[in-house]
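The following exercises concern the architecture of a single protein chain. Please work through each task with the structure at hand before reading the solution.

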Amino acid sequence: PGIDHAKAIPYPDLLSGARLAGDRVAIIGAGGIGFDVATFLTHRHGGDYLAEWGIDRTLTTRGGLLPAQPAAPPRRVYLLQRKPGRPGATLGKTTGWIHRAALKMRGVEMRGGVSYERIDGQGLHIRGERGPELLAVDHVIICAGQESVNQLAGELAGTGKPVHVI
């Protein structure tokens, strides 16, 4: 309930700039798209990426590393998923760790095993291991429930040429 509420924003509308998110945001769906949206929402434009990770540009310090200087994130973000366990567990083995580390450094609260009760004027009502809870957010970004649009594959298959859907 509430998926059509004004607080609900489909992720394409957010990324295209058609809709803007407020200072407190919940993201429904912690797959690759949810992680990318959380990164987008917590990225401080004009920030210093190398300083954020403690990389010495001059390479004069041992190992080329300095203490990390994470910037304060521009938003409070919750990244939620229905399935139990750690969000991001299905991300790529070679890159998933960096996505999780970056979001953790930016203060993103990641939770698994959450059921979505409703979206209303107060925010997102959820239920998890803490029991019923209200996340008083300005917006809820929907990064779940995508359906593939494959009609072109069928049309191309009708031409007799081999088609591989990726």
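Three exercises follow, each with a worked solution, on a model that is predicted.

**Exercise 1. The parallel sheet**

Determine the strand order of the open sheet of 5 strands, identify its edges, and describe how helix 2 is placed against the sheet.

Solution.
1. The strand order is 1-8-2-3-4, and the pairing is parallel.
2. Strand 1 (8-10) and strand 4 (109-111) each have a single partner strand, so one side of each is left without a neighbour in the sheet. These two strands therefore stand at the edges.
3. From one strand to the next, the twist averages 20 degrees.
4. At the strand 4 edge, strand 3 (residues 76-80) runs parallel to strand 4 and is joined to strand 4 by 3 bridges. Tyr78 stands opposite Glu109 in strand 4.
5. Helix 2 packs on this sheet and touches strand 2 (24-28), strand 3, strand 4 and strand 8 (139-142). The direction of helix 2 makes about 175 degrees with that of strand 3.

**Exercise 2. The packing of helix 2 with helix 4**

Characterise the crossing of helix 2 and helix 4, and list the residues that meet.

Solution.
1. Two packed helices are described by the angle between their axes and the distance between the axes.
2. The axes of helix 2 (residues 32-42) and helix 4 (residues 96-105) cross at roughly 35 degrees and come within 10 Å.
3. The crossing of helix 2 with helix 4 is left-handed.
4. Helix 2 contributes Phe35, Ala38, Thr39 and Thr42, which meet His99, Arg100 and Leu103 in helix 4.
5. Sorted by class, this contact has 3 nonpolar, 3 polar and 1 charged residues.

**Exercise 3. The antiparallel sheet and the largest pocket**

Describe the open sheet of 3 strands, then establish which strand gives the most to the lining of the largest pocket.

Solution.
1. The sheet has the order 5-6-7 with antiparallel pairing.
2. Strand 5 and strand 7 (131-135) are the edge strands, each pairing on one side only.
3. Strand 5 is joined to strand 6 (residues 123-128) by 5 bridges, and the two run antiparallel. Ser115 stands opposite Arg127 in strand 6.
4. The largest pocket has a volume of about 340 Å³, and 17 residues line it. Nearest the centre of this pocket lie Ile28, Gly29, Arg82, Tyr116 and Ala144.
5. Strand 5 (residues 115-120) gives the most to the lining, with 4 residues.
6. The lining residues divide into 9 nonpolar, 4 polar and 4 charged.

Notes:
Residues numbered from 1 in each chain as written. Predicted model: local features only at pLDDT ≥ 70, side-chain atom pairs only at ≥ 80, totals over all residues. Heavy atoms only, no water. 1 Å grid on protein atoms, 1.4 Å probe; cavity = no way out; pocket = protein on both sides within 12 Å on 5 of 7 lines; lining within 4 Å. Points joined across faces, edges and corners; volume = space filled by probe spheres on them. Nonpolar A, V, L, I, M, F, W, Y, C, P; charged D, E, K, R; others polar. Axes fitted to C-alpha atoms, helices over the stretch in contact; angles between N-to-C directions. Left-handed = near helix turned anticlockwise from the far one by under 90°. Contact = heavy atoms within 4.5 Å. Pairing = 2+ DSSP bridges.
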